[in-house]
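Let's take a walk through this fold together, one piece at a time. Please have the sequence and the 3D view open as you read.

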Amino acid sequence: MSKKRTQVSHYVIAAVVAAELNHTLTYCKQINLTASNAQAASSRVGNAALGFKALTGFIDDLACYTMKAATDINLLANTASKMATATARADTALKHFEKAKLNSRDAQYAHTILPAYQHIVNRHMELKKSFQKVINKMEVELFELKRNLRTANILASICRIEACRVNIANQATFNDVANRVDFVANKIRQRVDNAISLFDTTTQKKAA
């Protein structure tokens with residue numbers, strides 16, 4: 001994380017991440033629906049689609065995981081937004097105290113401002129540390145979500161293999177489920193990538 005990044009830019013990052021993940025939640029619901037439709041289709045086909053039916057549970061699990069991860073990251077983004085506002089206020093207060101401290105340096109009771117000044121200094125440092133911790137956690141969880149989304153491609157591939165086991169009349173239905181999982185997962189991945197691109201930790205990007 002660049003040390004030059006300002007609290008204002010962090011505030012923007014938190015807002016944009018929240019917006020991107022709101023779109024992700026919509027896509028998760030589409031995967032849930034796809035899993036339900038796939039389960040119904042496999043039930044109609046019967047024993048020939050038992051392998052495919054088992055996969056629908058994994059598709060549903062992936063959607064639930066993604067939805068929970070997106071919700072958790074959204075909560076972090078909301079927390080970061082509030083902390084950015086508090087930090088900006090503390091920053092403004094600190095500047096006022098520094099100015100008052102400087103202007104009163106020759107006054108008889110200049111020392112009386114020191115306890116309040118030290119309090120705002122400590123508060124400002126505490127807020128900055130807490131804020132950075134939330135931002136770092138949000139970034140790590142975004143990379144973790146991206147890593148887990150790779151499962152969608154594997155599930156889609158297995159779905160296509162299982163589609164080959166059923167009669168030709170039903171293959172199109174099952175292949176359509178595989179294509180849908182691929183399509184929606186890619187949409188989610190694009191949103192997550194957009195959110196990740198706001199951070200500049202190239203080391204973690206390489207590890208993803």
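What follows goes from the nonpolar core to the helix contacts and then to two single residues.

Keep in mind as you look around that this is a predicted model. A good place to start is the largest nonpolar core, which has 51 residues. Five helices each give two or more residues to this core: H1 (7–45), H2, H3 (114–148), H4 and H5 (168–196). Of these, H2 gives the most, with 13 residues. If you would like some anchor points to click on, Val 17, Ile 59, Met 138, Leu 142 and Ile 188 are the residues with the most contacts inside the core. As background, nonpolar side chains in soluble globular proteins tend to be buried together.

Let's zoom in on one of those anchors. Leaving aside residues up to four places away in sequence, Leu 142 touches Val 17, Leu 21, Ile 73, Val 192, Ala 195, Ile 196 and Phe 199.

Now turn to the way the helices meet. The axes of H2 (residues 50–103) and H4 (residues 150–163) come within 10 Å and cross at roughly 165°. An angle over 145 degrees counts as roughly antiparallel, and H2 and H4 are therefore roughly antiparallel to each other. The crossing of H2 past H4 is left-handed. On the H2 side you will find Gly 51, Phe 52, Leu 55, Phe 58, Ile 59 and Leu 62, and these meet Thr 151, Ala 152, Leu 155, Ile 158, Cys 159 and Glu 162 in H4. Sorted by class, this contact has 9 nonpolar, 2 polar and 1 charged residues.

H4 also meets H3. Here the axes come within 4 Å and cross at roughly 10°, which makes H3 roughly parallel to H4. Lys 146, Arg 147 and Asn 148 of H3 make this contact with Arg 150, Thr 151 and Ala 152 of H4. Its residues divide into 1 nonpolar, 2 polar and 3 charged.

Finally, here are two residues to look at one by one. Thr 24 sits in helix H1. With a relative accessible area of 0%, Thr 24 is buried, because buried means under 20%. Not counting residues up to four places away in sequence, Thr 24 touches Thr 66, Ala 70, Ile 188 and Arg 191; Ile 188 is also one of the core residues with the most contacts.

Arg 105 is found in the loop between H2 and H3. At 55% relative accessibility, Arg 105 counts as exposed, since the cut-off for exposed is over 50%. From Arg 105 to His 119 is 14 residues in sequence and 18 Å in space, C-alpha to C-alpha.

Note on methods:
Residues numbered from 1 in each chain as written. Predicted model: local features only at pLDDT ≥ 70, side-chain atom pairs only at ≥ 80, totals over all residues. Heavy atoms only, no water. Axes fitted to C-alpha atoms, helices over the stretch in contact; angles between N-to-C directions. Parallel < 35°, antiparallel > 145°, perpendicular 65-115°, else oblique. Left-handed = near helix turned anticlockwise from the far one by under 90°. Contact = heavy atoms within 4.5 Å. Nonpolar A, V, L, I, M, F, W, Y, C, P; charged D, E, K, R; others polar. Core = buried A, V, L, I, M, F, W, Y, C linked by side-chain atoms within 4.5 Å. Buried < 20%, exposed > 50% of the residue type's maximum accessible area, 1.4 Å probe, protein only.
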